[in-house]
Every structure is written in structure tokens, then in C-alpha cells.
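Take a moment with the sequence and the 3D view. Then read on, step by step.

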Protein chains: 2
Amino acid sequence: MKLYDAPLAPNPRRVRIFLAEKNIEVPRVAVDLGAREHWGEAFSAMNPFKMVPVLELDDGTFISESIAICRYFEEIQPYPPLFGVGAVGKAQVEMWNRIIELEFYRHVANAFRHSHPRMADREVPQIAELAATAPGRAMAALAKLDKVLQSREFIAGNAFSVADITGLVTLDFLKLAKLEVPVEMEAVRRWHAELGTRPSAKA
Amino acid sequence: MKLYDAPLAPNPRRVRIFLAEKNIEVPRVAVDLGAREHWGEAFSAMNPFKMVPVLELDDGTFISESIAICRYFEEIQPYPPLFGVGAVGKAQVEMWNRIIELEFYRHVANAFRHSHPRMADREVPQIAELAATAPGRAMAALAKLDKVLQSREFIAGNAFSVADITGLVTLDFLKLAKLEVPVEMEAVRRWHAELGTRPSAKA
């Protein structure tokens with residue numbers, strides 16, 4: 001088994017944190033995104049959508065998409081459960097993971113990808129208006145997450161889950177987008193700080 | 001149990017098709033999106049992100065996000081399995097569902113939502129350049145799906161899954177975005193036609 005990884009990108013980090021929480025070691029192969037290694041033929045054969053991370057299984061099967069890779073490891077090593085417990089618990093983790101991705105991460109990514117010179121050949125064309133409006137939408141979503149986090153420790157309830165991993169990675173990604181958590185969002189700041197002190201955060 | 005639903009929107013339809021495939025009946029409450037009923041206080045209390053569908057459980061728990069609702073029903077009634085079988089199968093369904101959402105659906109939605117007058121108060125501001133560039137990105141992703149579908153019946157392998165439901169709903173959504181499947185994408189056209197003849201497609 002091999003994990004095609006990139007040290008600085010947010011999605012591969014989701015998988016690394018997930019694996020650290022499960023205490024699973026997987027050999028990693030660094031893909032040089034700066035040199036556009038993921039655009040080459042060898043990488044495209046593994047993932048035609050040309051994105052990291054990709055997990056290669058021993059039988060040559062490739063699994064791309066960070067959350068799909070995490071799901072694979074949840075199935076082969078269920079403890080500790082990071083996708084929720086029971087029908088309602090699993091649905092709630094899925095719900096919060098999606099809300100963070102679609103309502104928060106998406107806009108942080110747009111703010112960064114549609115403005116940063118390094119992304120000019122990946123977002124073609126970069127749309128300045130999208131970069132300009134994305135921060136407002138990201139922060140509106142974050143304010144709603146703040147409300148939820150006022151009454152519980154983790155975003156999907158009282159247990160740490162993959163939705164918190166998506167939250168941490170997005171919050172750490174704010175800096176690249178030149179954004180920060182507003183001072184008044186105390187619950188988000190507490191959540192961010194606590195997630196950041198878990199040993200897995202270093203992954 | 002109650003499903004807050006809207007007849008014309010693509011995401012609630014994903015849940016209806018999923019339920020039809022599982023042969024599960026759930027009482028439905030129609031939400032009038034045209035009258036912005038989902039922006040009112042009653043609906044926002046169920047889902048602060050103001051989107052349909054929402055599932056209300058008998059104990060008052062609310063689950064939003066179409067795929068999270070589908071996951072709930074997969075857990076309480078596993079047969080037929082629509083999220084894949086086994087660790088690799090489940091990861092592959094998750095991977096293809098996400099690829100269709102993030103690489104295809106997202107751009108079809110942008111083409112529609114950032115250009116249609118009816119969406120002007122939902123996408124604020126509508127970004128004309130985003131609407132103009134989205135079709136090209138949607139079609140580039142569809143060409144990759146076409147290649148995959150040349151060698152198998154369903155997108156995640158040889159069994160129908162929730163990823164096919166996301167595919168069908170997105171393909172039917174093309175019309176609203178004034179797009180269509182190019183004639184040369186024969187495998188996608190075959191897939192679309194076959195999915196459209198399943199009884200669940202009427203849901």
C-alpha cells in the first residue's frame with residue numbers, strides 16, 4: 001500500500017491526520033505539486049482528475065478523494081470510529097463534514113485559488129470577483145458553525161470525527177487565503193485551538 | 001419521520017430516487033422554494049444553512065444534506081446496498097460520488113445559478129464570468145466519466161450505487177443550465193438512458 005501525498009496541500013493533510021488518529025502507518029510518496037508532477041502521464045493514469053491524495057492498494061487499485069481514502073481505513077480499522085456511530089451518528093458526521101466542505105472550505109479555497117499567482121495555471125481563468133466575494137461567504141458559514149460550537153465540544157456532537165479534521169484543515173488553510181477567524185467567534189477559536197493541540201494535528 | 005422536500009430541485013430528488021431504490025416510503029412536506037419558504041424562521045431552525053432536503057426524525061433530530069440523509073437510510077435498511085460493499089467497494093462509491101459532485105455537478109450548478117434570473121437573490125452576486133467558464137469545466141469532467149463508462153455499466157463498477165443517482169440527477173440538471181451531453185460521448189449517453197429507464201428515475 002502506498003499513499004501519494006503532498007506536504008502543503010489541505011486535502012492530503014486530512015488523510016494524514018485521519019491516519020494519525022487511527023494510529024495507522026502507510027508508506028508515503030511525495031508528489032511535487034510545484035513541478036506539476038500530478039499533471040504528468042504517470043500520475044494521470046492513477047487519477048485522471050489529477051489531484052492528490054491517491055491511495056494505491058497492493059492489488060493495484062487506486063482510490064482518490066481524501067474522504068474516500070479515509071472511508072477505506074475506517075472500514076478496515078473501525079476503531080476509533082471517526083465517521084460516527086449508529087445510523088443517526090453516521091448521518092450527522094456526514095452532514096457536518098459536507099457542510100464544512102461545501103459552505104466553508106469551498107469559499108476559503110475559492111478565495112485562495114482565484115487570487116494567488118501560484119494557482120494561475122490551475123484555475124483557468126482565475127476569477128477576481130469570485131476571490132473577492134468568497135471571504136464573505138466563508139465567514140457567514142463560520143458564524144453559523146460558531147453558534148453550533150457554543151453548545152458542544154466537537155462539530156458533530158461529543159466525539160471527535162472526520163468532520164473536525166475537515167474543520168481544522170480549513171481553519172489552518174485560512175492563512176493562505178489571507179483570512180482569519182474573527183475575535184468574536186469564541187467558540188470557533190476554542191475549537192480550533194483544541195484541535196490544534198491533538199498530536200494528529202502535526203501530521 | 002418527515003422529509004422536507006422540493007419537487008424541482010436536484011438535491012431533494014437524489015433522496016427521492018434513493019428511497020425509491022430502497023422501496024422506502026417517507027411522508028413528505030413540500031417546501032415552496034419559489035416563495036423562499038426555506039429562508040423563513042421555521043425552516044432555518046431546522047437547517048441554519050437554509051437548504052432542502054431536511055429529514056426530521058421522530059425524536060426531533062434534523063438531518064440535512066442529501067447524502068447524509070441517504071446514509072441514514074442505508075444504515076437502517078442496508079438492502080440493496082447503495083453505498084458499496086466491502087472496504088474497497090465503499091471507498092470507490094464514495095470516490096465516484098465525490099468526483100461527480102465536485103468535478104461535474106458543481107460546474108453545472110454554477111452555470112445555472114450564476115446566470116438564471118430566478119437565482120439572482122440566492123447567488124449574491126451572480127458572477128457572469130463563473131457562469132461563462134463553468135460549462136467548459138463541466139464538459140471536461142464529463143469526457144473523463146465517458147472514458148470510465150466505456151468499460152463498465154455503472155460509474156463505480158458493476159453495481160448501481162448512489163454515485164449513479166448523483167450522475168443521473170446532474171445529467172437531468174444540464175437542461176436547466178442550457179447544456180447537453182455531446183453526441184460523441186456515447187458511453188455517457190448510454191448510461192444516462194439506462195438510468196432514466198429505472199422506475200426510481202420518476203421519483
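What follows is a short walk through the interface, the symmetry and one loop residue.

This is a predicted model: local features need pLDDT of at least 70, side-chain atom pairs count only at pLDDT 80 or more, and totals for chains, interfaces and linings use all residues. Residues are numbered from 1 along each chain as its sequence is written, while chains are lettered from A and ligands numbered from 1 in the order in which they are written.

Start where the chains touch. Here 29 residues of chain A are in contact with 30 residues of chain B (contact means that C-beta atoms, placed from the backbone, lie within 7 Å). Strand 4 (62–64), helix 3 (66–76), helix 4 (86–113) and helix 5 (128–149) of chain A each give two or more residues to this side. Helix 4 of chain A gives the most, with 10 residues. Helices (H or I, at least four residues) and strands (E, at least two) are DSSP runs, numbered from the N terminus.

Now the symmetry. A turn of 180 degrees, with a shift of 0.0 Å along the axis, lays chain A on chain B with an RMSD of 0.0 Å. That is the relation of a two-fold axis. Copies are superposed by least squares on the C-alpha atoms of residues with pLDDT of at least 70 in both. Of the residues of chain A, A:Leu130 comes closest to the rotation axis, at 3.9 Å (C-alpha). Also, 100% of the interface residues of chain A are interface residues in chain B, so the copies meet through the same surface.

Last, a loop. A:Glu184 sits between helix 6 (162–173) and helix 7 (186–197) of chain A. A:Glu184 counts as exposed because it has 9 C-beta neighbours inside 10 Å (exposed means 12 or fewer other C-beta atoms within 10 Å, buried 20 or more, partly exposed in between, with C-beta atoms placed from the backbone).

Methods:
Contact = placed C-beta atoms within 7 Å.
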